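Good morning, and thank you for coming. Please look at the sequence and the model on the screen while I speak.

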Amino acid sequence: MTPWRYRPGPAMLVTAAFIGPGTVTACASAGIGFGYALLWALVFATLATAILQAMAARVALVTGQGLAEAILSAAGNPALRWVMAALIFASLAIGNSAYQAGNISGTAAGLKLLGLHAAHPALLALATGTLAAMMILIGKPAWLEKLLIALVLAMSLAFVGGLAVIEVDWLRVAGGLLPQLPADSLFTAIALIGTTVVPYNLFLHAASVRGKFAADAEGLAASRLDTALSVTLGGLLSMAIVIMGAATAKLTASGAGPLDDIALRLETLFGGAARSVFALGLIGAGFSSALTAPLATGYVLAEMIGGTGDPDRRARIFKGTALAVVTIGTVFAVLSVNPVQLILIAQSANGLLLPILAAFLLWVAARKASLGEFANGPIANIAGTAVVLVCAGLGARLILRSAGLWP
């Protein structure tokens, strides 16, 4: 019998994508502000993410299409196809360009925490964006995947290493796994879920999984395992950051923000080495997201407008789109521009896209005509429906927030 051996697969890109500077900031803020009380939100978000990502991977493997292709093909009505294509474009192409500035700025913040205090933030942002562009321009997909997996493993060592040296009240951690909402914590709980259940990860996973597993029962089982382990790792890393924030909340803070606060508190407790470990984790989080956001956008635009008969054209669209996202994000980061209008458009589009995309994904994954014997069963449909309802709530929150009706 061949011994069982797990190798990180394409689902690890999902972890690399959703553990970005925004996630680190949201988790650190949750721990500092509410202790361990909101850990349950990350447990739920991790389960929801695993369910949706597994469906996206299964649809891609069985149909041989990317997720954008599969959804647009299933939407038989031309008007509906145009609406879906517009939402996908606004959410990914515009949204990821705006959010890319945060990924690059987050990497630069990690470099400053690591000790590059004298370097100007704009210079660090420019260097980060240039390196990301070079990786996309000259890197092969398999090589980039290995790089991203290495960054995830580095993040894991950094954040778990930081957690290992802190005195943690594990009974209170266990209590935080039970759903509860302390005063004024609703927005933070929703933010923790929203920063984990990310629409573009569905497209990224569907694009990267094809060719990695066979479209049969054994291949789909291997893909499910890869998804479950990778997403669970991401959830545990997010929880580790919340715990670090909670465990150090009573120590002296810098007042500059949650990331600087945790770094200062770790340094106070354990010296400069602990600060450096946290900084390395933030660098890994920022740079991995600075690669995956452009890659996801490139995959989707290539699927939508690249055609099926010209692989060279699709490759040009893929790289051109990815480089455009990196360039726009770098410019915003270098100029310290807050792309408010683009982010408002992206939030509105995400608010509409998230539940619609989840519903379409559930519909395609349940169709015998699309997936045959590998279509959803009753349990998968029930779990998927529950996630869709939560996604609808998240979508409403994003729309209300973008309209200024949510604090």
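I shall discuss salt bridges, a helix, an aromatic pair, a cavity and two single residues. Please keep in mind that this is a predicted model.

Let me begin with the salt bridges. How many does a search of the whole structure find? The search finds 2 salt bridges. In one of them, the side chain of Arg 210 meets that of Glu 69, at 3.8 Å from N to O. Arg 210 lies in the loop between α10 and α11, whereas Glu 69 lies in helix α4, so this pair ties together parts that are 141 residues apart in sequence. In the other, the side chains of Arg 314 and Glu 69 meet at 3.5 Å, again N to O. Here Arg 314 belongs to helix α14, residues 311-334, and Glu 69 to helix α4, so the parts tied together are 245 residues apart in sequence. Through shared partners, the salt bridges join Glu 69, Arg 210 and Arg 314 into one network.

How accessible are these residues? Glu 69 counts as buried, at 15% relative accessibility. Arg 314 also counts as buried, at 18%. Arg 210 is partly exposed, because its relative accessible area is 28% and the partly exposed class runs from 20% to 50%.

Glu 69 brings us to its helix, α4, which spans residues 67-74. Why may we call this helix largely enclosed by the rest of the structure? The reason is that 7 of its 8 residues are buried. The buried residues of α4 are Leu 67, Ala 68, Glu 69, Ala 70, Ile 71, Leu 72 and Ala 74.

I turn now to the aromatic residues. A search of the whole structure finds 2 aromatic pairs. In one of these, the rings of Phe 360 and Trp 363 have centres 5.8 Å apart and planes at 85°, so the pair is edge-to-face. Both residues sit in helix α15, residues 340-366, and being 3 residues apart they are separated by about one helical turn. As a general point, an α-helix has 3.6 residues a turn, so residues three or four places apart point the same way. Phe 360 is buried, with a relative accessible area of 13%, while Trp 363 is partly exposed, with 38%.

The next topic is empty space inside the model. The search finds 2 cavities of 30 Å³ or more, and the largest has a volume of about 40 Å³. Which residues line the largest cavity? They are Thr 49, Leu 52, Gln 53, Thr 196, Val 197, Val 198, Pro 199, Leu 202 and Leu 354. Helices α3 (39-63) and α10 (199-209) each supply at least two residues of this lining, and the largest share, 3 residues, comes from α3. By class, the lining has 6 nonpolar, 3 polar and no charged residues.

Finally, I offer two single residues. Is Ser 185 buried or exposed? Ser 185 is buried, with a relative accessible area of 0%. Its place is in the loop between α8 (170-175) and α9 (186-194), and beyond its sequence neighbours up to four places away, it touches Phe 34 and Leu 38. Leu 236, in helix α11 (residues 217-247), is exposed, with a relative accessible area of 52%. The C-alpha atoms of Leu 236 and Phe 159 are separated by 9.9 Å, although these residues are 77 apart along the chain.

Thank you for your attention.

Methods. Residues numbered from 1 in each chain as written. Predicted model: local features only at pLDDT ≥ 70, side-chain atom pairs only at ≥ 80, totals over all residues. Heavy atoms only, no water. 1 Å grid on protein atoms, 1.4 Å probe; cavity = no way out; pocket = protein on both sides within 12 Å on 5 of 7 lines; lining within 4 Å. Points joined across faces, edges and corners; volume = space filled by probe spheres on them. Helix = DSSP H or I, 4+ residues; strand = E, 2+ residues; numbered from the N terminus. Nonpolar A, V, L, I, M, F, W, Y, C, P; charged D, E, K, R; others polar. Phe/Tyr/Trp six-rings, centres within 6.5 Å; stacked < 30°, edge-to-face > 60°. Buried < 20%, exposed > 50% of the residue type's maximum accessible area, 1.4 Å probe, protein only. Contact = heavy atoms within 4.5 Å. Salt bridge = Lys/Arg side-chain N within 4 Å of Asp/Glu carboxyl O.
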